[in-house]
Amino acid sequence: MDIKPETPWDSTPDISARIVTAIGRIATVLRSGMWEVSTGEGLNPAQAEILQLLQHRTRGVRLTWLARQLSISAASASDSVAALVSKGLIRKARAEDDGRATALHLTPEGEQVVQRLAHALSFADSAASRLAPAQQVQMLTGLFKLIAELQKTDRFPELRACLSCRHFEPNKYPAQEVPHHCALVNAPLPISFLRIDCAEHEPTDPVSQRRNWEAFA
Ligand code: SF4
């Protein structure tokens, strides 16, 4: 029988497993940073996240969309929204595209709370900004690729990212250093400028979305 000799590293988990562990640990630290600040605002983490999701959404959002983004049930999202409405941080209005539906918007007070919450993760932002610029681009690219892989499993909620935007023109300049283009600003779009949450984002059709994410993965 062919017996392989043991090495001191045999029990080391695969790199993929360690990537997932590292992301999980970072997520825990970020959640705890957000928890500290949101508690100071009298909010639980889900309520804080809802306020952040509503920022820069001038047309408002539906309850079902919020539930999908938070990966929680519509009933739980509804409880959190009711609490935020009673605190005066969210208001309900008729949806622009369907008069029978309700859209949720931030109130001016909610907007102020979101701006204060934005500082909750500045410690992590500072840590990331201390990485060498080339390493930051490499890491951003790797994270986009990981999100692209997760998109294939339908486990990732909808993002206002370039890769799902109708203004995104992938590989408009093949073989160039900056191959992609944003039609909204009519300019080449370097990887280092790809957005994860762009206020000007307009969803493209599902086929183009899938093609963009798969091309990037
Ligand atoms: S920058 Fe904004 S508008 Fe341009 S492609 Fe990306 S998401 Fe779309």
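A nonpolar core is a set of buried Ala, Val, Leu, Ile, Met, Phe, Trp, Tyr and Cys residues joined through side-chain atoms within 4.5 Å, where buried means under 20% relative accessible area with a 1.4 Å probe and protein chains only. The model is predicted: local features need pLDDT (the predictor's confidence in each residue, from 0 to 100) of at least 70, side-chain atom pairs count only at pLDDT 80 or more, and totals for chains, interfaces and linings use all residues. Residues are numbered from 1 along each chain as its sequence is written, and side-chain values use heavy atoms, without hydrogens and water.

The chain has an average pLDDT of 90, and 98% of its residues score at least 70. Its extremes by element are tabulated below; helices (H or I, at least four residues) and strands (E, at least two) are DSSP runs, numbered from the N terminus.

| Element | Residues | Mean pLDDT |
|---|---|---|
| Helix α8, lowest | 206-216 | 81 |
| Helix α6, highest | 122-129 | 96 |

The largest nonpolar core has 21 residues, and Ile50, Leu51 and Leu66 have the most contacts inside it. At least two residues of this core come from each of α2 (45-54), α3, α4 (74-86), β2 (98-106) and α5 (108-117); α2 gives the most, with 5 residues. A second, separate core of 13 residues includes Phe144, Cys162, Phe168 and Leu189.

The residues around the ligand, each with a heavy atom within 4 Å of it, are Cys162, Cys165, His167, Phe168, Cys182, Leu184, Arg195 and Cys198.

Gln69 lies in helix α3 (residues 63-70) and is buried, with a relative accessible area of 13%.

Definitions and conventions:
Buried means under 20% relative accessible area, exposed over 50%, partly exposed in between (1.4 Å probe, protein chains only).
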